[in-house]
Amino acid sequence: MNNKLVKQLLLMTLLPVYLTAPSIAHAALPGYAEGQPLPSLAPMLERSMPAVVNISTTTNIQTRENPLMQDPFFRYFFELPNQPPRQQQKNSLGSGVIIDSEHGYVLTNNHVIDKADKIVVTLNDGRQLNAQLVGADPEADVAVIQIPADNLTELPIADSSQLKVGDFVVAIGNPFGLGQTVTSGIISALGRSGLGIEGYEDFIQTDASINPGNSGGALVNLRGEFIGMNTAILAPSGGNVGIGFAIPANMVMTIKDSLVKHGEVRRGLLGVTTQDLSGDLVKAFNLESKNGAVVSRVENNSPAARAGLEPGDIIVSVNGRSVKNSHDIRNIIGLMQIGDNVDIQYFRGSEKRETTATIGKPQRPQLAGNKLHPALQGTILSATQKDQVEGVLIEKIDTSSKAWRVGLRPGDVIVTANRYRIHNLDEFNQVIDPRGPLLINIQRGQEAFFLVLQ
């Protein structure tokens, strides 16, 4: 058979296939039928975005000057006139979430409004309102402010304990001061702690883009319900790498209720120090898993001591919640109020036990000054309160003591010692040499000065 005849037979065989082939159809989106609207988050966002606000703050900062210029003797000796301290303004931007439209309560991060002299809230409709601080919790980085406005939109609250890795989420906020912006992603992890971002950590981790200015904004589910407050990002190179963290809604709302009721979070005391179970500890205690936290210290006369806990006990459950590590205990206890009962399951050896403790009132540690330095004889020292500058407080002082004669008074706050910035008694103790002179910087109201004690 010649080649020409082969080509003719092949053409006759294929021709019916070409003639009967179906026409090519247009590609379609998943779940989309021709003539129907495209799937979109827009309807949900139209309901949710009015509840997310922009927050701008103004803080007046006293400029630093030579400490000698604050010394009355130095000014008198050199005939220098008294001058008011120079100030400059610092501005910052963030976001917030209207959580109670009736009372005008807005949630945000503490670091957004910390030390602000003026807080301005800009609503989605363009209204600008001055806000008042209701209360703040620096340890969990949550604050509540209040605005005097009508016709507000609030976000419904979801139960964040029901969240799962893989849930779709949307972040709404004010990144870089651009105005209200929306990003989407999924929950990539739950229960993140031990990051050193806040004192109390139980973060939702998300890949929804969170940037500077998003702090205090809302993380919502696809129903537009509030599931968390955007708080921080992981930025090893200074930019967003796709890992953001939000405080779960349940934690935020518990803190919010306390701030609205008391103006602060009145955390109680259990009186235990715990640590995570390492591989070596698991073997040493003959345990089957690393879940739980070992009690390393029990304070005398504390609620934990009265409940019968001892060093070496392995706490595995608190109020019905399984404990994976020491951070879980800190978070659970940190959200409880003084007088609350806490049910604890623990192992002592191979025996599983249960006990109930009543959260007590934390005691502020006090220390006789002469235990740190002889020149502080006659003083009682303590940590400062929340509304004071961080340092060491002169709680009491004997009027016949040397410390009184050189100028120390009750209420003075020691902020530096031997040229080191100190925040508490432990840091104060670390920089003191009992055998040498002690140079301290004192803050007294709006005044500051140095004293040398020998």
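Begin by selecting strands S7, S8, S9, S12, S11 and S10, which in that order form a closed barrel of 6 strands with antiparallel pairing; strands, like helices, are DSSP runs numbered from the N terminus, with at least two residues of type E for a strand and at least four of type H or I for a helix, and two strands pair if DSSP finds at least two bridges between them. From one strand to the next the twist averages 45°, where axes are lines fitted to C-alpha atoms, for helices over the stretch in contact, and angles run from 0 to 180 degrees between N-to-C directions. This is a predicted model, in which local features need pLDDT of at least 70 and side-chain atom pairs count only at pLDDT 80 or more, while totals for chains, interfaces and linings use all residues. Residues are numbered from 1 along each chain as its sequence is written, and side-chain values use heavy atoms, with hydrogens and water left out.

Next, select strand S9, where Phe203 and Gln205 on one side and Ile204 and Thr206 on the other are all buried, so that both faces are covered; buried means under 20% relative accessible area, exposed over 50% and partly exposed in between, with a 1.4 Å probe and protein chains only. Strand S8 (residues 181-192) is joined to S9 by 3 bridges and runs antiparallel to it, and Ile187 has Thr206 in S9 as its bridge partner. S9 is also joined to S12 by 3 bridges, again antiparallel, and here Thr206 stands opposite Gly244.

Now display the side chains of Phe203 and Phe245, which form a tilted aromatic pair, 5.6 Å centre to centre with 45° between the planes; rings of Phe, Tyr and Trp (its six-membered ring) pair if their centres lie within 6.5 Å, and planes under 30 degrees apart count as stacked, over 60 as edge-to-face and the rest as tilted. Because Phe203 lies in strand S9 (residues 203-206) and Phe245 in strand S12 (residues 244-248), the pair ties together parts that are 42 residues apart in sequence. Phe203 counts as buried at 1% relative accessibility, and Phe245 counts as buried at 3%.

Move on to strand S11 (residues 226-233), which 5 bridges join to S12 in an antiparallel arrangement, with Met229 having Ile247 in S12 as its bridge partner. Helix H5 lies across S11 and S12, running at about 50° to S12.

What does the largest nonpolar core contain? It has 30 residues, and those with the most contacts inside it are Leu107, Val142 and Phe226; such a core is a set of buried Ala, Val, Leu, Ile, Met, Phe, Trp, Tyr and Cys residues joined through side-chain atoms within 4.5 Å. Helix H5 (residues 249-262) gives the most to this core, with 6 residues. Apart from it lies another core, of 22 residues, among them Leu372, Leu381, Ala417 and Ile432.

Then select Ser326, which lies in helix H8 (residues 326-334) and counts as buried at 15% relative accessibility. Leaving aside neighbours within four places in sequence, Ser326 is in contact (heavy atoms within 4.5 Å) with Thr274, Gln275, Asp276 and Ala293.

Finish at Arg409, whose charged end sits over the ring of Trp404, 3.7 Å from its centre; this requires NZ of Lys or CZ of Arg within 6 Å of the ring centre and within 35 degrees of the ring normal.
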